[in-house]
Amino acid sequence: MSTMMEQSTQTAHSDASPPLLSLNGIHKAFGGIVAIEELSLDLHPGEIVALVGDNGAGKSTLVKIISGVHRPTAGTIRLEGRETSFADASAARAHGIEVVYQDLALADQQTVYMNMFLGRELTHGPLRLLDRRRMIKDTEALVQELDVRIPSVRATIRDLSGGQRQGVAIARATRWASKLVLLDEPTAALGVAETAKVEKLILALKARNIAILIISHSLDQVFRLSDRICVLRRGQQIGIRRTSETDKNETVSMITGLH
Amino acid sequence: MSITERGSQGARATTAEHETGRTKVSSVWSRLQLQNGIVYLGFIAIFIFFAVMLHDDGFLTTRNLTNIVLQTAPATIMAIGLVFALSAGEIDLSFGSTTAVAALCAAMAMQTMPALVGVFAGLGVGIAIGAFNGAMVAWLKLPSFLVTLATMGLFAGVARTLTDLRSIPVINDTFTGMFGSGDLFGVPSLVWWTIGAVAAGHIIFRHTPFGAHVLATGDNPRAAQVSGIKVPRIRFLVLTICGACAGLAGLLYAGRLQAAKYTLGESDLMIVIAAVIVGGTALNGGKGAIIGALVGSLLMGMLNNGLILMGLGVSDQMIVRGLIILLAVAISLRDINR
């Protein structure tokens, strides 16, 4: 019954545009412990899908599967219609999929611009020396475009506030993601004003026609940002709803299983 | 709950504003690669102190100043390796023993074979020991402190058994010219080696992706790993670089002293670590400076030289040097611990 409803929600959307990423019957078990029972989800360009559920529901596992850290035990992943299997996180990144981790994964004592290009530094000349000037210029342009307010792209990360750091992490994902950004609790540690800025950034990503999957514990945020909501409970996919066609009460009861 | 949160946010914001000013000043420093200005100030202060105090004892003579550079050449080369290791969040305690083994192997090889074989033997042994340390750390996931503490003792023992505690003379003129008494365009070869190693080290450290990956690995290994940096490979390579530098240092010792002995490099451990820390490299990774290590090493050499010229006995020298290193390290770390 609930599966039928999911199907209808998915097909309803796919009229608009073909899915960028299509997860079908994803099952993940660690030894005998099932993290995800069965999950099917389509992500479309320019769409924000919120992944909600209590702790241990399987949200982080799903992010790790999409980003290539884990491989699903069963099920298929299709990227732009082609069946794909990512060997590791680098493979997923090479396909234009970026993750903003909960801990941001920034090197605190390095500059903003070096973090922006961490592991993918620009070089010049036959000796492949770092092209700092170009990295600084690129970062400045990006930071300006996304309106991330930081004192300087030469500032070290530890001299930035929590919101500024989050801004840098999202800007980095924006720089490299051509297709999909996964956000794991992007505003969990932020104050009200900084959260608003980060949400603006996320909407800017959406405007660039990038698909976004966001994990959030804040239902207010989920309803502010998302187009669809996918609810997980203890590894079970409870359902997918269009945000405009549901409300917080229904979502809460889906998350908790209480009516 | 939300009030405390807001409070800490506010506090954080003001700190950030406060530090914006500081960042501007410090970015000038860092652009000049002078991340840790204190080592330069300390160097100048101690230089002036000795120049005044020891004016009549020949401190300022060209001969004495050149001597300082020549004597510190091996320590400077070891310091370059250590900057890579510390910046990557690792440490090498075995470079002193490696230096001795490398010098001995080079000297033994040259008893019957040409200089080139000696050079390859010394460097090869250094690289091999470094690669051994690196492999244990990178792939067996053992802490570098413990691995190199063990190999420090192990190779100190090897150096002793290799020659039965005897010293091996180096009488190969080509070799002693290249790594010791010779000169090129009137500049002693040891100075050339120092300049060459510092320049190469600085370029690799500051201006290549590899250097950036070393810093990122020491700063936040998880961030480095999810950014596609092969963290174990970096850990292996920095310790291998340490071994290679120790091997080269061994060649310089063998060339300058025209002999190799198991005691070579024995007393360098503390001095080299101090030179590197004073020069602005963080003990816990993520921050390093090759030029700073050079100046730190020269500072240690100058201190050594000055204290001898002042007529201090060996035990007094050790006490004064220990105190000065303590002070210098405390000042250099002040910035890191804020």
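How many residues does the contact take from chain A, and how many from chain B? Chain A puts in 27 residues and chain B puts in 26 residues. Before going on, a reminder that this is a predicted model.

Staying with the side of chain A that touches chain B, two elements of chain A each supply at least two residues: α3, residues 89–94, and β8, residues 129–130. The most comes from α3(A), which gives three residues. By type, that side of chain A divides into twelve nonpolar, nine polar and six charged residues.

Next, how chain A is divided. Domain 1 of chain A covers 2–96 + 177–256, and domain 2 of chain A covers 106–175. Their C-alpha centres are 27 Å apart. Where these domains meet, the contact takes eleven residues from domain 1 of chain A and eight residues from domain 2 of chain A. On the side of domain 1, the largest share is from helix α7(A), with six residues. The residues on that side of domain 1 are nine nonpolar, no polar and two charged.

Now to one strand, β9 of chain A, residues 180–184. Is it enclosed or open? Five of its five residues are buried, so β9(A) is largely enclosed by the rest of the structure. Leu180(A), Leu182(A) and Asp184(A) point one way from the strand, while Val181(A) and Leu183(A) point the other way. Residues on both faces are buried, Asp184(A) among them.

Which strands does β9(A) pair with? One is β6(A), residues 97–100, in the parallel sense over four bridges. There, Leu183(A) is the bridge partner of Val100(A). Another is β10(A), residues 211–215, also in the parallel sense, over five bridges. In that pairing, Asp184(A) stands opposite Ile215(A).

Helix α7(A) comes back here. With residues 192–207, it joins β9(A) and β10(A) in a right-handed β-α-β unit.

Two loop residues of chain A deserve a look. Most residues other than glycine have a negative phi. Leu104(A) has a phi near 70°, a positive value, and is not a glycine. You will find Leu104(A) in the loop between β6 and α4 of chain A, where α4 is 112–116. Because Leu104(A) has 21 C-beta neighbours inside 10 Å, it counts as buried.

The second is Asn209(A), with a positive phi of about 65°, and again not a glycine. Asn209(A) sits in the loop between α7 and β10 of chain A. What is its level of exposure? Asn209(A) has 14 other C-beta atoms within 10 Å, so it is partly exposed.

Last, a helix in chain B: α13(B), residues 290–309. Its 20 residues reach 29 Å from first C-alpha to last, close to the 28 Å expected at 1.5 Å a residue. Is α13(B) mostly covered or mostly uncovered? Mostly covered, with 16 of its 20 residues buried.

One residue in this helix is Gly292(B). Gly292(B) is buried because 27 other C-beta atoms lie within 10 Å. Its C-alpha is 6.0 Å from that of Gly280(B), and the two residues are twelve residues apart along the chain. Just after the helix, Gly311(B) takes a positive phi of about 85°.

To close, go back to strand β9(A) on the display and find its buried residues, pointing to both sides. Then follow the chain through α7(A) to β10(A) to trace the right-handed unit.

How values were computed. Residues are numbered from 1 along each chain as its sequence is written. Chains are lettered from A and ligands numbered from 1 in the order in which they are written. This is a predicted model: local features need pLDDT of at least 70, side-chain atom pairs count only at pLDDT 80 or more; totals for chains, interfaces and linings use all residues. A residue is buried if 20 or more other C-beta atoms lie within 10 Å of its own, exposed if 12 or fewer, and partly exposed in between; C-beta atoms are placed from the backbone. Two strands pair if DSSP finds at least two bridges between them. A crossover is right-handed if, with the strands pointing away from the viewer, the path from the first strand over the helix to the second runs clockwise. Two residues are in contact if their C-beta atoms, placed from the backbone, lie within 7 Å. Ala, Val, Leu, Ile, Met, Phe, Trp, Tyr, Cys and Pro count as nonpolar, Asp, Glu, Lys and Arg as charged, and the others, Gly among them, as polar. Domain bounds come from an automatic or database domain assignment. The expected span of a helix is 1.5 Å times one less than its number of residues.
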